[in-house]
Each structure stands twice: as C-alpha cells, then as structure tokens.
Amino acid sequence: MADLLVLGIETTCDETSAAVVSRSEQGAGEIRSNVIRTQVEIHAPYGGVVPEIAARAHVELIDHIVAEAMAQAQVGFKDLSGVAAAAGPGLIGGVIVGLTTGKAIALAAKKPLIAVNHLEAHALTARLTDQVAFPYLLLLVSGGHTQLLCVEELGRYTRLGTTLDDAVGEAFDKVAKMLSLPYPGGPQVEVQASLGNATRFAFPRPLHGRREPDFSLSGLKTAVRMEADKLAPLSDEDVADLCASFQAAVVEVIEDRVRAGVRAFRERVGRGPSSIVVAGGVAANSAIRERLGVVAAEMHTRLALPPPGLCTDNGAMIAWAGAERLARGLTDPLDVSPRARWPLDAAAAAPGARA
Ligand code: KG4
Ligand code: ZN
C-alpha cells in the first residue's frame, strides 16, 4: 500500500477548516496543509456560538477553504486516496455543510468517503503528532466535552469517566462571562489568573479522591459566582484573584481525576497507558499542561500534548482520522447521515454524556 493522501473537512462548531494529510504505510503522518478560519469574531457579540449563524458562515466559507487547502498542499482531487468529513457530533447545521461538501467531492472525484467522528479525530491526533501507540489514556477537555477514555485500538474506546454537569471549557467560559471578560473566556481567564493570587479564595475541588474518574464543575462555578456577588463591584485585583483561585482549583481537579483515570485504566487493561494524551481546547492552558507533565511522570507514563493549534478544532485531525480508518479499509456510503450526537463509547450513555 502506498502513502495515503486524505482531504479532511471540519465544520462541527465555529471553525471552518480543511486540510490535506498523508499517512505512510508505517503509520507516519504529515500535514500537507491545514487551513482554519475561526468564526470567533462573528459570534463574539452574542457571547457564544449561534448555531444558525455558524451554519451560514460555514456555507459561505467552505468552498474557499477547501480550495486553499488543496492549493497549499499542491494536489488535485484526483491525487487523493479519500475524502474525510466530520459527520458529528456537533451543531447539526454545520455538520450538514461539511459532510455534504465531502460527499460532493467524493462523488465527483470518485474517491471513498470517510465519515469521521469529531471526538475520534481528537482522540487520534496524538498518533499524528507523536506516533503514540495503543493503548493510551485520553483526557478530552473542550467547551462541549470532558471525558477520560481508554483508547485500546482504532474504533475501541471505553469511557472511564465523564463530567456529571459542566464541561471544563464551559466552566472557564461561564466564569469569564460572570466576570465580564470577553468571549471566548478560557484564554482570558488564563491571562487574568497569571496576574492574580491563587490562594485568596479557597474554592471547592469537587469529587476529589473519588475512585470513579468522573468530573463535576458546577459547584466550583457556583462558588466563584457567590464570591463575585459578595465582592461586587469587582476591582481588577478581585477579577485576577478570582480567576487565579478558580484556575488553581481546576488544575487540582484535573490532576486528581487523571490519577483516578490512570488507576481505572490499569484495572481495565491490566497495564498502564503508553501515554496520557490530552485533546480539546482547554489543553491550550499552560497551567494545566504543566501540571499534567508532573502527573504523567509520577504515574510512570508519558504525556503527549499536541501543539495548541491541533488541540482545538481543525481539519488536519479529521483528515488524519480518515487516513487511519482508510488504512484499515473503513469507508462509508454516500448516504451516511450527519449526527448531532455521536458518543465514542456507545455503551456509555448518561450521566452527563454530552457527546
Ligand atoms: O476544542 P475547542 O476548540 O472547541 C470545542 O469546545 O469543541 O475548545 C474550546 C474551549 C472553550 O471553552 C475555551 O474557553 C477553552 O476551550 N479554552 C481554554 C483555553 N483556550 C481555550 N480554557 C482554558 N484555558 C485556555 N487557555
Ligand atoms: Zn472539538
């Protein structure tokens, strides 16, 4: 089998992206192009992603983004081995735009279609960037998802733990909103945290010490709100101290929950993970990145952290997941349906399953 060359399309949320990625027979990946257009500015006035506006923006952008990705990679549709598109989970209007585009190109160019699960793409990115071997522990932390997964093999994902309420990124965004920081909130909270005193407020560490590697964030978020209400009107120093104390609590929660995740992984697989892999937008947070490095060393495993640009939504991860599936002969019919919900671990539904 020669190298595979796959076009990947991502439109499940507020990033319109297309990329061309190659995969060698040995499983080495190379990003030939990765064009990402974020809609952050379009949604900023609303303080969050507006699904209808996102879908319309995807429609307007997607053809240009695909053309740009193909041009940057210096390939034509005839050179592709397959066309991959994220088929969910996500905002259904956007998913339809990307999947339909992928189907049209696959049909016209007579190439196989790979309908990719967006979460699986996050899960497999570390195999593109770090050639991580199965089985590994995945911490997926984004605005919509907070899960610990055992990645045993391609297509074999077992959810070890999930959030019982808010996702970690959602908690960052809500804290930012209550402190009147601009959208998107996560990066703003991190900046404020670096200026503040992390010991001023003793916020709770929900589920600390609990054996099951689940998460809970809403009590922590409420504690921040109550403190902010008490202090109002807030000074700059108050905002920075609230952010620093909140982030310190999140870092400790993640540390404790990942330890529980490694233990649950060992019980399930009979050995430790080859790596702890982190994916999702929250993985861009440097305090979290730093602490996870320490945890991995203490748990006798390594940390695989894709660069921040590949932790957030992007077409390269879709193309790569498509290539991994194509290498195993896994393709999809042209009438495959888009899915708003599509959990990686079909056996694990509630509680708090947001996929
Ligand atoms: O994976 P992503 O780009 O989109 C999805 O949610 O699918 O993740 C975005 C989330 C947002 O909640 C954002 O606030 C959070 O990741 N985030 C951060 C940071 N950068 C992005 N949270 C904390 N610290 C950051 N530096
Ligand atoms: Zn995502």
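How many bridges join strand E6 to strand E9, and which way do the two strands run relative to each other? Four bridges join E6 (residues 136–141) to E9 (residues 275–279), and the pair runs parallel. Before going further, some housekeeping: this is a predicted model, where local features need pLDDT of at least 70, side-chain atom pairs count only at pLDDT 80 or more, and totals for chains, interfaces and linings use all residues. Residues are numbered from 1 along each chain as its sequence is written, chains are lettered from A and ligands numbered from 1 in the order in which they are written, and side-chain values use heavy atoms, with hydrogens and water left out.

Let's stay with E6 for a bit. Strands here are DSSP runs of E with at least two residues, helices are runs of H or I with at least four, and both are numbered from the N terminus. Two strands count as paired if DSSP finds at least two bridges between them. Besides E9, E6 is joined to strand E7 (residues 146–153), this time by six bridges and running antiparallel. A hairpin of four residues makes the link from E6 to E7. You can follow the register through Leu137, which stands opposite Cys150 in E7 and has Ile276 as its bridge partner in E9. Leu138, in turn, stands opposite Val277 in E9.

Now zoom out to the whole sheet. It is an open sheet of five strands in the order E8-E7-E6-E9-E10, with mixed pairing. At the edges stand E8 (156–162) and E10 (302–304); each has a single partner strand, so one side of each is left without a neighbour in the sheet. Neighbouring strands are turned by 25 degrees against each other on average, direction ignored. For that angle, axes are lines fitted to C-alpha atoms, for helices over the stretch in contact, and angles run from 0 to 180 degrees between N-to-C directions.

How enclosed is E6? Buried means under 20% relative accessible area, exposed means over 50%, and partly exposed is in between (1.4 Å probe, protein chains only). Six of the six residues of E6 are buried, so the strand is largely enclosed by the rest of the structure. Both faces are covered, with Tyr136, Leu138 and Leu140 buried on one side and Leu137, Leu139 and Val141 buried on the other.

Next, the backbone oddities. Most residues other than glycine have a negative phi, and most peptide bonds are trans. Phe134 and Pro135 are joined by a cis peptide bond, with omega about -5 degrees, and Pro135 sits in the loop between helix H4 (118–129) and E6. Tyr183 and Pro184 are also joined by a cis peptide bond, again with omega about -5 degrees. Pro184 belongs to the loop between helix H5 (168–178) and helix H6 (185–195). Ser180 is in the loop between H5 and H6 too, and its phi is near 60 degrees, a positive value in a residue other than glycine. Ser180 is exposed, at 66% relative accessible area.

Leu207 has a positive phi as well, near 65 degrees, and is found in the loop between H6 and helix H7 (218–231). Unlike exposed Ser180, Leu207 is buried, at 15%. Contact means heavy atoms within 4.5 Å. Leaving out residues up to four places away in sequence, Asp256 touches Leu207, His208 and Gly209. Asp256 itself lies in helix H8 (residues 236–269) and is buried, with a relative accessible area of 13%.

Finally, the domains. The domain assignment (bounds from an automatic or database assignment) gives domain 1 as 4–126 + 310–349 and domain 2 as 135–305. Their C-alpha centres lie 27 Å apart, and the contact takes 24 residues from domain 1 and 22 residues from domain 2. How much area is buried between domain 1 and domain 2? About 1800 Å², with carbon and sulfur atoms giving 67% of that. Buried area is the accessible area (1.4 Å probe) that two parts lose on being put together, summed over both. The salt-bridge count between the domains is zero, taking a salt bridge as a side-chain nitrogen of Lys or Arg within 4 Å of a carboxyl oxygen of Asp or Glu.

One more stop is Val97, in helix H3 (residues 92–109). Val97 is buried, at 13% relative accessible area, and, neighbours within four places in sequence aside, is in contact with Thr11, Ala55, His58, Val59 and Ile62.
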